2 protein chains.
Amino acid sequence: MRDVAALAGVSLKTVSRVVNGESGVSADVRDRVAAAVLRLDYRPNLAASNLRRTVARTGLLGALVQDLSNSYSAGLLRALEDGARPHRTAVLAASLDEGIERERELVHDLVSRRVDGLVIMPASERQDYLVTELRSGPPVVFVDRPPRGIVADSVMVDHALGARLAAAHLLEQGHRRVAGLFHLARISTVQDRLAGYRAAHEALGLTPDPGLVVTDLSTADEAAAAVLALLDLADPPTAIFAGRNILAAGAVAALAERGLRRTVALVGFDDFPLADLLDPPLTVIRQDVGRIGRTAAEMVFGRIGGDTQTPRQVVIEPTLVTRGSGEIPPPA
Amino acid sequence: MRDVAALAGVSLKTVSRVVNGESGVSADVRDRVAAAVLRLDYRPNLAASNLRRTVARTGLLGALVQDLSNSYSAGLLRALEDGARPHRTAVLAASLDEGIERERELVHDLVSRRVDGLVIMPASERQDYLVTELRSGPPVVFVDRPPRGIVADSVMVDHALGARLAAAHLLEQGHRRVAGLFHLARISTVQDRLAGYRAAHEALGLTPDPGLVVTDLSTADEAAAAVLALLDLADPPTAIFAGRNILAAGAVAALAERGLRRTVALVGFDDFPLADLLDPPLTVIRQDVGRIGRTAAEMVFGRIGGDTQTPRQVVIEPTLVTRGSGEIPPPA
DNA sequence: GGGCCGTCTGACAACGATGTCACGTTCACG
DNA sequence: CGTGAACGTGACATCGTTGTCAGACGGCCC
């Protein structure tokens, strides 16, 4: 900047004025400065600029998601990016991999970097630690999972409703042995999905067989192994509810191995690319990830803009997308 | 920081020393400062710190990919994140959507933010503009597509080889009418894939029918429409090579619509989740995206660390993954 | 007891930019 | 022709931190 000022024969402040398009600079001077900027490839240092500015915005949005390579997280991130762009804000993204300590470290790091806002899909069960972290820190919006131990904005689908829709759909067709595959039981949304699965049974005066419920499944392989074990039962399930996208993938693989893809009904939670091209096409509970991301972005930028309403919990209704795999009837 | 210093009864510099774990601070003072830091929830301002430091690192890696929600980009991003973490570096990610102007803007923005390094999957055909941008800017590594008009490191698969493997695989089984679906013809890697597709034909003394080659397909829907049109030809293709992951998805959908999934052979470029669960499972050319990302991260951090070797072009060999869809024989 | 050294600490400038304010011109007006 | 407002510009302090250097202090040696 000093060099630009020297080359243009003006003061630092005037260079600043031109670079920031402030008024009150004569056309002549503006041109001279612009020429010098081009000639020297001058790029303002955003960090220094933000340091000095009164309304200090780093133009950074922190996004902590479960796993960047997972289609759900990736879709969410993309929606956040689109929501951030109009605000001239870039997205700092990181994966938590369900790591609680990692969540803490990453939040700390992002706060130190003075992000303007934070969108987080928490791995931890409680986020009390955020209270101090955020006392004078950036606004936070929770997605996919609700905040615990702290009051904050959140956007998520009704997990219990989604699971209930899925299980009810299978039960309505006459299935009475509906297996349930779930992710880590310690996660609140997993508990919600489990509750929804049970509620669907109870609404019909039924009780799910505990032997058909498997929790703490993290990978497709684990889900496949669980399904194979279930199929080996004396009284195997005639339908399966997979409480997470990759668990549905594992279930499909297991059913394929036994040649039962057209025999055992399957409904998954979370849509994913190509689900409609499977054979039979996969019936799923869809969460509108784009809408979730856009809503989260709106909320966080609202807070950044000074919105001080009491925190809102936005709940988005999931929908059942019937494609075939969930409409296989039980054996006569 | 001033408050911490006051509370601990020491100078600013001493707080700095304690926070940065510098030696030469008595245990007593260190404890007092640490207590004050905790009490006041003090967080060092990374931007200010980097501004002053001699070896200024922002701890930011810029990653410009085609589309964050695409499984290929997402997988790459994840690998970059993993490669960046040991260097205490966070990833600033953005989507280009094949937008040339957008690429320019985003690069400019990232340079202004003083990222330590840049990994870019370029949308533009030539990157001359980067020469000035990077004269005293961060090191850049290109992924997936080669740099043009600028000398820089790059990591990518051999696109021509991949396409050749795919087309040769189909031709070897006796197919003589192998359609080719391709993305934007202006993109160099698309040209490479086209060349590979042609080379496979020429190796057998054949010439691909221009009527079976469709370029400038961007979406699954466009690919599906193209395939339907091809199937309506008087002499339709007996096999299809889809030069990009979502084009394969479109092709599958079109074949499904005509009930030809087990009749027309199909090989895709780029693997994706669930490709093995399709019926028939999809035969693809796989690029090891994790390896590409890790290699790119290694290269960019090498440069950041002061490596000044002449730029390297790392080429990773794609592999043919046979699963079924590509092994359908031509009609007798 | 004087000199020297090592240890610990603080004062000050600097990183690259912007907010504040005051100064010098120009020009319309009475 | 004097006055004052409007305009254009620059000097200086400042943002939150770290590099440099100097000084205070205690202990050791001769």
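Two exercises with worked solutions follow, on the protein surface around DNA strands D and C in a predicted model.

Residues are numbered from 1 along each chain as its sequence is written, and chains are lettered from A in the order in which they are written. Local features need pLDDT of at least 70, side-chain atom pairs count only at pLDDT 80 or more, totals for interfaces use all residues, and side-chain values use heavy atoms, without hydrogens and water.

**Exercise 1.** Describe the surroundings of DNA strand D.

Step 1. Strand D is surrounded by 27 residues, where near means that a heavy atom of the residue lies within 4 Å. Among the closest are A:R17 and B:N45.

Step 2. By class, these residues are 10 nonpolar, 10 polar and 7 charged; Asp, Glu, Lys and Arg count as charged, Ala, Val, Leu, Ile, Met, Phe, Trp, Tyr, Cys and Pro as nonpolar, and the others, Gly among them, as polar.

Step 3. With 4 residues, α4(B) gives the most to this surface; helices are DSSP runs (H or I) of at least four residues, numbered from the N terminus.

Step 4. Phosphate oxygens of strand D lie 2.6 Å from a polar side-chain atom of A:T14 and 2.7 Å from one of B:N20.

**Exercise 2.** Describe the surroundings of DNA strand C.

Step 1. Here 26 residues surround the strand, with A:S16 and B:R52 among the closest. Sugar and phosphate make up 59% of the strand C atoms within 4 Å of the protein.

Step 2. A polar side-chain atom of A:S16 is 2.4 Å from a phosphate oxygen, while a backbone N or O atom of A:A48 is 3.3 Å from a base nitrogen.

Step 3. The largest share of the surface, 4 residues, comes from α4(A).

Methods:
Polar contact = N/O pair within 3.5 Å; in protein donor to acceptor, adjacent residues only side chain to side chain. Helix = DSSP H or I, 4+ residues; strand = E, 2+ residues; numbered from the N terminus.
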